[in-house]
Amino acid sequence: MNGPTALPPWLPTAPCTPGRCAAHPDGTGPDPAVGPLRALARLTAGTAAVLLGVLLAPAAAPLPPAARLALVRLWTRTVVRAFGVRVRYEGTPATGPLLVVANHVSWLDVPLLAAVLPARTVAKAEVRRWPVLGLLAALGGTLFIERDRLRALPGTVRAMAGILAAGGRVAVFPEGSTWCGRERGRFRPAAFQAALDAGCAVQPVRIDYRPADAAAYVGDDPLGTSLWRVVTTRRLTAEVRLADPLPSGRYPDRRALAAAAGRAVALPDDARRAASPRAAARRTVPRQGAAPQRARASDSANLPPSSVHQRARSRPAAASSSRTPS
């Protein structure tokens, strides 16, 4: 996502960049790209679905809350499917007021969450200026935050706590920046204070894409380029896993709650690695002189660290030392 060149030191950043992490389909990978006519049909259908939501939003406002939420779920599922993305959901969404937290890979994350857990989303203020999507975000009650104004953060947390205390839901991406999906950032604790203040549960959600590089929207990648990459990718699949909710009252502070949510989001990969015969052999017969290593909650956990940001297709990515914000 685009950002200024000079960044305040407190802003979360990710090492992921388009050249290193986002593959542009060119037919050289294991799955050839979708043809231009089909890609244009997907782009047209997806854009039409988004515009339809903008036009119908005022008419849906007077409806009862349950009916509005049902329409939001139906509409967001339609948008994602129109762009050619298949979705698999695992787990059961919790009920009642919730702070919904998820890892952040793509602009697709927002409709994917809304399709199962409609909520007011926290987003950077720049989203308000995006064509069409900015208007839609504003109509959906998005809480916009000035990321480079540190003093604005407590006010945003208070607004979140007020929504939660009134029985609503708030969705936030605590990494503070988009990551490629094969590597993730830690959950920042500030937003979790809202759950503690409101006394509500936290719903951790993990989002994965196959292939991961096609959906990644990182660094200075233009929105149009990302859209075209999505609609030209064959068999792009999103997997949304809902972990068990975390009662906020069980944790002493926001840092402990954020760490628990981060572990819950990383759990599926950790469990698979722990259950593998190779991992069991490493635990029972450690190599002499080898230092213990921390498990990586990523799709390339069995690759060497230098391979984390390589493309999932056929060619290695170029090295880059830039760090770019969400």
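How much area does the protein expose, and what share of it do carbon and sulfur atoms supply? The exposed surface comes to about 16,200 Å², and 59% of that is supplied by carbon and sulfur atoms. Keep in mind as you look around that this is a predicted model.

## The overall picture

The protein has 326 residues, and 46% of them are buried. Its secondary structure adds up to eleven helices and ten strands. If you take the contacts with a separation of 6 or more, 82% of them join residues 24 or more positions apart.

## Helix α2 and its two partners

A handy place to start is helix α2, which covers residues 36-60. Helix α2 packs against helix α9, residues 223-231, and also against α3, which spans residues 65-82. Here are the two packings side by side.

| Helix pair | Angle | Axis separation |
|---|---|---|
| α2 and α9 | about 120° | 9 Å |
| α2 and α3 | about 165° | 8 Å |

Start with the α9 pairing, where the angle is about 120°. That angle makes α2 oblique to α9. The crossing of α2 past α9 is right-handed. On the α2 side, the contact uses P36, A39, L40, R42 and L43, while α9 brings L227, W228, V230 and V231. Sorted by class, this contact of α2 with α9 holds eight nonpolar residues and one charged residue, with no polar ones.

Now for the α3 pairing, at about 165°. Because an angle over 145 degrees counts as roughly antiparallel, α2 is roughly antiparallel to α3. Here α2 makes a left-handed crossing. The α2 residues in this contact are R42, A45, G46, A49, V50, G53 and A60, and they meet R68, L71, W75, V79 and A82 of α3. By class, the contact of α2 with α3 splits into eight nonpolar, two polar and two charged residues. If R42 sounds familiar, that's fair: R42 is listed for the α9 contact and again for the α3 contact.

## R68, a residue of α3

R68 sits in helix α3. Is R68 buried or partly exposed? With 32% relative accessibility, R68 counts as partly exposed. Leaving aside residues up to four places away in sequence, R68 touches A60, A61 and L63. You can also look from R68 over to P118: they are 50 residues apart along the chain, and their C-alpha atoms are separated by 9.7 Å.

## From α9 into strand β8

Go back to α9 and follow the chain onward. The loop between α9 and β8 is home to R235. Phi of R235 is near 60°, which is a positive value in a residue other than glycine. R235 is partly exposed, at 43% relative accessibility.

Next comes strand β8, residues 237-242, where you'll find T237. T237 is buried, because its relative accessible area is 8% and the cut-off for buried is under 20%. Which residues does T237 touch, not counting those up to four places away in sequence? They are R86, R88, D208, Y209 and R210. One of these, R88, is 149 residues from T237 along the chain, yet the C-alpha atoms of the pair are separated by 7.6 Å.

## A cis bond at R210

R210, one of the residues T237 touches, has something else to show you. The peptide bond from R210 to P211 is cis, with omega near -5°. P211 lies in the loop between β7 (201-210) and α8 (212-215).

Key:
Residues are numbered from 1 along each chain as its sequence is written. This is a predicted model: local features need pLDDT of at least 70, side-chain atom pairs count only at pLDDT 80 or more; totals for chains, interfaces and linings use all residues. Side-chain values use heavy atoms; hydrogens and water are left out. Axes are lines fitted to C-alpha atoms, for helices over the stretch in contact, and angles run from 0 to 180 degrees between N-to-C directions. Helices (H or I, at least four residues) and strands (E, at least two) are DSSP runs, numbered from the N terminus. Angles under 35 degrees count as roughly parallel, over 145 as roughly antiparallel, 65 to 115 as roughly perpendicular and the rest as oblique. A crossing is left-handed if the near helix is turned anticlockwise from the far one by less than a right angle, and right-handed if clockwise. Contact means heavy atoms within 4.5 Å. Ala, Val, Leu, Ile, Met, Phe, Trp, Tyr, Cys and Pro count as nonpolar, Asp, Glu, Lys and Arg as charged, and the others, Gly among them, as polar. Buried means under 20% relative accessible area, exposed over 50%, partly exposed in between (1.4 Å probe, protein chains only). Accessible areas come from the Shrake-Rupley method with a 1.4 Å probe; for residues, only the protein chains shown count as cover.
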